[in-house]
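Dear colleague,

I am passing on the structure we talked about, and I would be glad if you could keep it open beside this message while you read. My notes on it follow directly below.

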Amino acid sequence: SLQLGGHMQSRVLIVEDECIVALDLQRRLIRLGYEVPRVTASHDQTLRAVVETAPNIVLMDINISGDIDGIDTAKKIDLPVIFLTAYSEEKTLQRAKESKPYGYLVKPFSERELHATIQMALERHAVETILKEREITLALTCEKLEQGKRELETKAIELFAQKQRFEVTLNSIGDGVITTDTVGNVTYLNPVAE
């Protein structure tokens with residue numbers, strides 16, 4: 001069954017180098033019921049905060065301090081990322097799209113847009129996680145079945161070889177050998193018995 005958590009316990013990491021914008025965003029998120037343990041402004045701070053605060057989702061401004069921008073920083077994070085940007089330059093948008101973000105917010109955005117985008121991203125991430133787990137389970141089950149099939153084939157070959165050896169032995173001994181089933185019907189005669 002799909003268990004998609006509500007947002008009340010969702011932790012959001014804000015990556016935004018404009019202090020006033022970051023604090024305003026943090027205030028809005030807290031008002032919406034999210035936890036916002038930290039605000040970061042650069043690539044290095046962000047990677048550290050992901051490890052230390054274990055957020056569920058990251059709101060990533062594309063233009064952050066330092067040489068590495070938000071898009072390249074997002075590529076190093078195994079979490080749902082929503083990009084924030086004040087302008088939508090075609091080349092930047094294209095790069096952002098290639099990193100397959102979970103959402104995109106163009107500033108200024110309303111609280112409703114913010115909340116809806118985060119919720120959709122969390123939902124999509126939960127579904128994808130469940131699908132990934134099911135794929136792994138399925139792959140393991142298939143592997144077990146294949147292994148079982150290989151073992152059965154090996155056993156069948158061994159049994160066939162054993163049966164052939166047995167028949168060669170029975171056909172070449174000097175005594176007559178007759179086998180019957182439980183009701184007495186003859187099921188095998190060796191040449192001597194014939």
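Pro108 sits in the loop that runs between strand 5 (103-106) and helix 5, and in this model, which is a predicted one, the peptide bond that joins Lys107 to Pro108 is cis, with an omega of about -5°.

A second loop, the one between helix 2 (43-53) and strand 3, holds Ala54, whose phi is near 45°, a positive value in a residue other than glycine. With a relative accessible area of 40%, Ala54 is partly exposed.

Turning to the interior, the largest nonpolar core consists of 17 residues, and those with the most contacts inside it are Leu25, Leu29, Ile57, Leu59, Ile82, Leu114 and Ile118. At least two residues of this core are supplied by each of strand 1 (11-15), helix 1 (19-31), strand 3 (57-61), strand 4 (81-85) and helix 5 (111-172), and the largest share, four residues, comes from helix 5. Apart from this core lies another one, of 15 residues, which includes Leu13, Val15, Ile71 and Ala96.

You may also want to look at Leu25 on its own: which residues does Leu25 touch, if those up to four places away in sequence are not counted? They are Ile14, Leu59, Leu84, Phe109 and Leu114, and of these, Leu59 and Leu114 are also listed among the residues with the most contacts inside the largest core.

With best regards

Technical notes
Residues numbered from 1 in each chain as written. Predicted model: local features only at pLDDT ≥ 70, side-chain atom pairs only at ≥ 80, totals over all residues. Heavy atoms only, no water. Core = buried A, V, L, I, M, F, W, Y, C linked by side-chain atoms within 4.5 Å. Buried < 20%, exposed > 50% of the residue type's maximum accessible area, 1.4 Å probe, protein only. Contact = heavy atoms within 4.5 Å.
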